[in-house]
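Here are a few exercises to work through with the model open beside you. Try each task before reading its solution.

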Amino acid sequence: MIRLVPLVLLAGCWLDGYGADLSDLVDLSVNAASATADSDGLHLRTEAGTNPVGGFNGAGTGNKAIAGIEGYDGLLLADLTGAAYETAAVTGDSAPYLNLVVDLDCTGADLRVVVADATLATATPTAGGALRYAFLAEAPQWKAVGGLDELLPSHLASTGGALTDVVAAWPAACLRDAATGDNGLPAGVVTPSVLIILGDSVNELELEHTVSAVEVGLDRFEAL
């Protein structure tokens, strides 16, 4: 069984009523991929091979492991100080990354997928042998699928922008559980606003990582 246990809760208790047991984790993996866990942590895995079109909103035929963390719908982006995760590679060279579903005016009218990409974080070794990837809201470590005006570059870019710049332009921006229609997310599915992911919609490689901790703002989740 997976257990994600919050050691520190955000002021305002955004996880109100949510026990943060990783058995509550939402496995939204697409095609030959999975997000499962045990006492060692969260296992994100993709198998090798391709698939028919249809698993993703777009035309992707790859394998993508996606784990959704519930409890953050409506959290103001201004209150998100950053994010981090600790992970160890089992198979393959690709590292996990985070997606945040951001509602720019917090009315549901303008949804964007913001990406925290491991390539923009310094990998710091942990005592347990994992690598820690940390992202600060004020640091240029964030991208957006398709880009976000002049604020955040495309998720395909090699550079990033700051979440605080997005907040300055969109002070009401919040996290939102939603079906975004994003080409790289599961077709027609409402996803939690915080997702940790391995692989992408064109990935045909065998990949696996064991994630031992995830931090969202001041919340730290660990596998027990």
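**Exercise 1.** Is Phe-135 buried or exposed? Then classify its ring pair with Trp-142.

*Solution.* Keep in mind that this is a predicted model.
- Step 1: Start with the accessibility. Phe-135 has a relative accessibility of 1%. The cut-off for buried is under 20%, so Phe-135 counts as buried.
- Step 2: Do likewise for the partner. Trp-142 has a relative accessible area of 0% and is therefore buried.
- Step 3: Turn to the rings. The structure holds three aromatic pairs. In the one formed by Phe-135 and Trp-142, the centres lie 5.9 Å apart and the planes make an angle of 55°. Stacked requires under 30 degrees and edge-to-face over 60, so this pair is tilted.
- Step 4: Widen the view. Phe-135 and Trp-142 belong to a cluster linked by ring pairs, together with Tyr-85 and Tyr-133.

**Exercise 2.** Which residues of the largest nonpolar core touch the most other members? Follow Tyr-85 outwards from there.

*Solution.*
- Step 1: The core has 54 residues, and those touching the most other members are Leu-42, Leu-44, Leu-77, Tyr-85, Leu-100, Trp-142 and Ile-196.
- Step 2: Strand β13, residues 194–199, supplies the largest share of this core, with five residues.
- Step 3: Leaving aside residues up to four places away in sequence, Tyr-85 touches a dozen-strong list that you can trace in the model; among them are Tyr-133, Phe-135 and Ile-196.**Exercise 3.** How many residues line the largest pocket, and how do they divide by character?

*Solution.*
- Step 1: The pocket has a volume of about 580 Å³.
- Step 2: Its lining holds 25 residues, with Tyr-97, His-155, Leu-156, Gly-199 and Asp-200 nearest the centre.
- Step 3: By character, the lining divides into 11 nonpolar, nine polar and five charged residues.

**Exercise 4.** Where is Asp-105 found, and which residues does Asp-105 touch beyond four places away in sequence?

*Solution.*
- Step 1: Asp-105 sits in the loop between β7 (97–103) and β8 (111–116).
- Step 2: Its relative accessible area is 29%. Partly exposed covers the range between the buried limit of 20% and the exposed limit of 50%, so Asp-105 is partly exposed.
- Step 3: Beyond four places in sequence, Asp-105 touches Asp-110, Trp-170 and Ala-172.
- Step 4: Check a C-alpha distance too: Asp-105 and Cys-174 are 69 residues apart along the chain, yet their C-alpha atoms are separated by 7.3 Å.

Terms used. Residues are numbered from 1 along each chain as its sequence is written. This is a predicted model: local features need pLDDT of at least 70, side-chain atom pairs count only at pLDDT 80 or more; totals for chains, interfaces and linings use all residues. Side-chain values use heavy atoms; hydrogens and water are left out. Rings of Phe, Tyr and Trp (its six-membered ring) pair if their centres lie within 6.5 Å; planes under 30 degrees apart count as stacked, over 60 as edge-to-face and the rest as tilted. Buried means under 20% relative accessible area, exposed over 50%, partly exposed in between (1.4 Å probe, protein chains only). A nonpolar core is a set of buried Ala, Val, Leu, Ile, Met, Phe, Trp, Tyr and Cys residues joined through side-chain atoms within 4.5 Å. Helices (H or I, at least four residues) and strands (E, at least two) are DSSP runs, numbered from the N terminus. Contact means heavy atoms within 4.5 Å. On a 1 Å grid over the protein atoms alone, a cavity is a set of points where a 1.4 Å probe fits but cannot get out, and a pocket is an open set with protein on both sides within 12 Å along at least five of seven lines; lining residues have an atom within 4 Å of a point. Grid points are joined across faces, edges and corners, and a volume is the space filled by probe spheres set on the points. Ala, Val, Leu, Ile, Met, Phe, Trp, Tyr, Cys and Pro count as nonpolar, Asp, Glu, Lys and Arg as charged, and the others, Gly among them, as polar.
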